[in-house]
Each structure stands twice: as structure tokens, then as C-alpha cells.
Amino acid sequence: MTNYLCMRCGAGLTGDAIALHKKLISRSAEEFLCLDCQAEDYGAAREDLERLIDYFHRTGICLLFARYE
């Protein structure tokens, strides 16, 4: 958990939720949405976003996500 809160629902944010928000919405964002609110906005399931995060970690194609070793 980080010290950031979701700008919509107030839930605590993880680094991955912040990274995904920056990746999909804006790298210059200073306020963020949690995974549940992002999923709602995209009409996707939270699990879909979690799989996307895992993909970015495994592949290392995005510097916002630390690569799994």
C-alpha cells in the first residue's frame, strides 16, 4: 500500500494500481483510481486488469512495472 487514495472511492492504492493508471490514462497524473474503479471505467473485470499488470511485470516492456525475476 502507498499513502495515495483512490480519487473516486477513497480506497488505499497499491503501486501497481498507480502504475496501471499512469500507463492507461496519463503518466503525468497526480491523482489515481483503484483497480475496481478503473475496471468499472473500462467495463472490464478487476481480474482482467490484474492479468494485464502481471503481463507488464513478466515482460518488462513498461518501466512503470518492475520486472519479475
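Me: A surface patch takes residues with over 30% relative accessible area (Shrake-Rupley, 1.4 Å probe) and no salt bridge (Lys or Arg side-chain nitrogen within 4 Å of an Asp or Glu carboxyl oxygen), joining like charges within 9 Å and nonpolar side chains within 5 Å. Which residues make the nonpolar patch of about 260 Å²?
Reply: The model is predicted, so local features need pLDDT of at least 70 and side-chain atom pairs 80 or more, while totals for chains, interfaces and linings use all residues. Numbering runs from 1 along each chain, and side-chain values use heavy atoms, without hydrogens or water. The patch of about 260 Å² is made by Leu 24, Ile 25 and Tyr 42.

Me: Is Tyr 42 buried or partly exposed?
Reply: Tyr 42 lies in helix α2, residues 35-42 (a DSSP run of H or I, at least four residues). Buried means under 20% relative accessible area, exposed over 50%, partly exposed in between. Tyr 42 has 38%, so it counts as partly exposed.

Me: Is Gln 38 buried or exposed?
Reply: Gln 38 also sits in α2. Beyond its neighbours within four places in sequence, Gln 38 is in contact (heavy atoms within 4.5 Å) with Ala 17, Leu 20, His 21, Leu 24, Leu 33 and Leu 49. Its relative accessible area is 0%, so Gln 38 is buried.

Me: Which helix gives the most to the largest nonpolar core?
Reply: This core (buried nonpolar or Cys residues joined through side-chain atoms within 4.5 Å) has 18 residues. Cys 6, Leu 13, Leu 20, Leu 35 and Phe 65 have the most contacts inside the core. Helices α1 (15-24), α2 and α3 (46-59) each supply at least two residues. With four residues, the one giving the most is α1.

Me: What are the buried residues of α1?
Reply: Cover over these residues includes α2 and α3. The buried residues of α1 are Ala 17, Ile 18, Ala 19, Leu 20 and His 21.

Technical notes: Buried < 20%, exposed > 50% of the residue type's maximum accessible area, 1.4 Å probe, protein only.
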